[in-house]
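This briefing goes through one protein model by topic. Please keep the structure open while reading.

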Amino acid sequence: MSEEIIRKIIHIDMDAFFASVEQKDNPELKGKAVAVGGGGDRGVVAAASYEARKFGVRSAMPSKTALKRCPHLIFVKPRHSRYKQVSNQIMSIFHEFTDLVEPLSIDEAFLDVSQNKKGLPSATAIAEEIKRRIKEETGLTASAGISVNKFLAKIASDYQKPDGLFVIKPKMVASFIEKLSIEKFYGVGKVTTEKMHQIGIFHGKDLKKRSLLELTRLFGKNGAYYYNIARGIDDREVNPNRVRKSVSTENTFLDDIKSKEELKKRLEEASLDLHKRLKRTKFKGRTISLKIKYSNFDQITRSRTVLHEITDYREILDLSNKLLDQLELTDSVRLLGIGISNQMKSNEVIQLTFDF
């Protein structure tokens, strides 16, 4: 019987990335409560410094709410080109250690260092060196999680933030997961957490008691994932060629919009912006989605799939309008978004149908 190979996976997550970049570039902001985003009545927090988080300020929070919680909060407009520049520096550091780097977003990535370019003896030593290099070259801090798979490494990186480093060793896995609160499980969102609480699942040990059949019945195709992670099983490989799954754009309005006619005007702007993003990213997909958030923060989405790739501005606008026409507005609208997904695989052939 061949010996099981234990992988060494690192998850690196930058600490309050956008806000930290702003504090680094502007020393006057250092140590202060900073929010990146719009500070007006209709603004939304895109990111918050740790000084702001102490007051309960979080990303995606309305700016008015954030200011109530932290009256001395300083708002800074986002500078996405600057964040991308710093991100590229950080990703370059990762690639000095391994080619198996899978970015999850602009400020985090998985690294498989089972074999590494530097010949360092342990994943912990690699993570420490990466953290040191990031601090030295960008002035920013990162948190690192280390374990035998992506699920555990992701959890570990969040365990001692900010500027943390936490290792979940193979012999620790079972006991660690059993004690872990279900809301801290990577891949278990807010809605699923609430559903699990309703049926008596609060920690990993509770989830582990449920059978695969029961979890599949309760949570559909995700049931198998929950069954496996309760046992520390995650066979997903670090994929350096991770494919973009969608491109989207959205806008929060300064004033709520009450009519479809006005929303259709805004759809023209959104369609043009989405078209530009598709060209820039070279992304092509066949499903268009419309997202609406009402003034009471209820949210709905509608989508439509066609047989061909959607690339033309006029078609984006036409399909978006058709999705909007299907809706009966139940309240005034504060946010409108559209996106393209469902990219065609290179070996996929579309079956055409004909009328006889």
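In S3, which residue is the bridge partner of glycine 37? The partner is valine 45. The model is predicted. The domain assignment splits the protein chain into domain 1 (9-15 + 81-171), domain 2 (17-79), domain 3 (175-230) and domain 4 (246-341). The points below cover an open sheet, an annotated site, a buried strand and a hairpin.

**Open sheet and its helix**
- An open sheet is built from 3 strands, ordered S3-S2-S4.
- Its pairing is mixed.
- Strand S3 (45-48) and strand S4 (74-76) are the edge strands, and each pairs on one side only.
- From one strand to the next, the twist averages 30°.
- Strand S2 (residues 34-37) pairs with S3 over 3 bridges, in the antiparallel sense.
- The pair of glycine 37 and valine 45 belongs here, with valine 45 in S3.
- Helix H1 (residues 17-25) lies across S2, S3 and S4.
- The helix H1 runs at about 110° to S2.

**Annotated binding site**
- An unreviewed UniProt entry carries the annotation "binding site" for Asp13 and Asp107.
- These residues span 95 residues in sequence, yet no two of their C-alpha atoms are more than 6.1 Å apart, so they gather at one spot.
- Asp13 and Asp107 are both included in the lining of the second largest pocket.

**Aspartate 13**
- Aspartate 13 sits in strand S1 (residues 9-14).
- Its relative accessible area is 14%. Buried means under 20%, so aspartate 13 counts as buried.
- Beyond its neighbours within four places in sequence, aspartate 13 is in contact with Asp107, Glu108, Ala142, Ser143, Ser157 and Lys161.
- One of these, Ser143, is also the bridge partner of aspartate 13 in S7.

**Aspartate 107**
- Aspartate 107 is in the loop between strand S5 (101-105) and strand S6 (108-112).
- Aspartate 107 has 18% relative accessibility and counts as buried.
- Setting aside neighbours within four places in sequence, aspartate 107 is in contact with Ile12, Asp13, Met14 and Phe17.

**Strand S7 and its partners**
- Why is strand S7 (residues 142-147) described as largely enclosed by the rest of the structure? The reason is burial: 6 of the 6 residues of S7 are buried.
- In a regular strand, side chains alternate between the two faces of the sheet.
- On one side of S7, the buried residues are Ala142, Ala144 and Ile146.
- On the other side, Ser143, Gly145 and Ser147 are buried, and both faces are covered.
- S1 and S7 run antiparallel and are joined by 6 bridges.
- S7 and strand S8 (residues 165-167) run parallel and are joined by 3 bridges.
- Alanine 144 stands opposite leucine 165, which is in S8.

**Hairpin of S10 and S11**
- Strand S10 (residues 285-294) and strand S11 (residues 299-310) run antiparallel, with 8 bridges joining them.
- Lysine 293 has glutamine 299 in S11 as its bridge partner.
- The hairpin has 4 residues between the strands.
- In this hairpin, phenylalanine 297 takes a positive phi near 75°.

**Domain spacing**
- How far apart do the C-alpha centres of domain 3 and domain 4 lie? They lie 34 Å apart.

How values were computed. Residues numbered from 1 in each chain as written. Predicted model: local features only at pLDDT ≥ 70, side-chain atom pairs only at ≥ 80, totals over all residues. Heavy atoms only, no water. Pairing = 2+ DSSP bridges. Helix = DSSP H or I, 4+ residues; strand = E, 2+ residues; numbered from the N terminus. Axes fitted to C-alpha atoms, helices over the stretch in contact; angles between N-to-C directions. Contact = heavy atoms within 4.5 Å. UniProt positions renumbered as here; feature names shortened; annotations may be inferred. 1 Å grid on protein atoms, 1.4 Å probe; cavity = no way out; pocket = protein on both sides within 12 Å on 5 of 7 lines; lining within 4 Å. Buried < 20%, exposed > 50% of the residue type's maximum accessible area, 1.4 Å probe, protein only. Domains from an automatic or database assignment.
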